[in-house]
Amino acid sequence: MAETKSLAVVGGGQMGSGIAQLGAMHGLHVWLLDTDPAALSRATKSISSSLQRFVSKGQLSQAAGNEALKRLKCTSNIEDLRSADIVVEAIVESEDVKKKLFIELDKITKSSAILASNTSSISITRLASATGRPRQVIGMHFMNPPPVMKLVEIIRGADTSDETYHVTKALAERFRKTVICSQDYSGFIVNRILMPMINEAFFTLYTGVATKEDIDTGMKLGTNHPMGPLELADFIGLDVCLSIMKVLHTGLGDSKYAPCPLLVQYVDASRVGRKCGIGVYDYRKPSPRL
């Protein structure tokens, strides 16, 4: 089994930049691709700040942090990914958009490269079908934020080879993550359980059972969750939550996965959470928090 030496990450958002940071911190040469130069600029600043936090906490030496930054290169040219051993896409949670990207990656990456998706719900088998290398396509679902969260969920498609699985698992373990493996069913493990809980929290708010503060406080103090479900939804992004619920509803065909109308309304109103300043909670001005 060949050792992974180079990693490419597509998508300069919070997930993509976090995965790129992990690669650079653990000795890989990393390309971070985004078509938006402003996104790459934000990603670079975010990675630099995150590395500095690791240094300040004594979890990383200053020299190691500096070396990690040197191993990271940003680009808007997909041709720069030709030499990558593994490519991880972390773009918008849309099957059509991801398939289009996989078609491009299949054409330009070397024949031995593994194509991994950070999707949190979309079928790996269907993504793999867009390529000529379905044996080398796999799901590698990081939790948010990737440098901090300890879990990676690996999803094998119908044709994913044992070698692809073992190389991907070895990479996750190199990142000091605990690996769980899911079959290729809608939502996999984590979101199959988490998203219906978040959706039910929206129904609890929608039907007037309790205030958003009491719903979140109840789950934090009553079940020892670090964040309440509505607060967590804001952190994830309500648009992402809605997208996953739609995948669950379509893929599993059960009415219990139907998205709450209030969640749909918030997304329609562009109230998608922390990233835009307002979701269930308003982050645009100082306010008492839970």
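Visitor: How many disulfides does the count come to by the rule applied here?
Guide: This is a predicted model, in which local features need pLDDT of at least 70, side-chain atom pairs count only at pLDDT 80 or more, and totals for chains, interfaces and linings use all residues. Residues are numbered from 1 along each chain as its sequence is written, and side-chain values use heavy atoms, with hydrogens and water left out. A disulfide is taken as a pair of cysteine sulfur atoms within 2.5 Å. By this rule the count is zero.

Visitor: Why is C260 without a bond to the closest cysteine sulfur?
Guide: C260 is buried (under 20% relative accessible area, 1.4 Å probe, protein chains only), with a value of 0%. The closest cysteine sulfur belongs to C241, and it is too far for a bond because the separation is 12 Å.

Visitor: Which domains does the domain assignment of the protein chain give?
Guide: The bounds come from an automatic or database domain assignment. The protein chain is assigned domain 1 (6-183) and domain 2 (191-276).

Visitor: Which three residues supply 58% of the area that domain 1 buries against domain 2?
Guide: Buried area is the accessible area (1.4 Å probe) that two parts lose on being put together, summed over both. Between domain 1 and domain 2 it is about 550 Å², with 54% given by carbon and sulfur atoms. On the domain 1 side, the three residues that supply more than any other three are E93, S120 and S121.

Visitor: How many salt bridges are counted between domain 1 and domain 2?
Guide: A salt bridge requires a side-chain nitrogen of Lys or Arg within 4 Å of a carboxyl oxygen of Asp or Glu. Between domain 1 and domain 2 the count is zero.

Conventions: Buried < 20%, exposed > 50% of the residue type's maximum accessible area, 1.4 Å probe, protein only.
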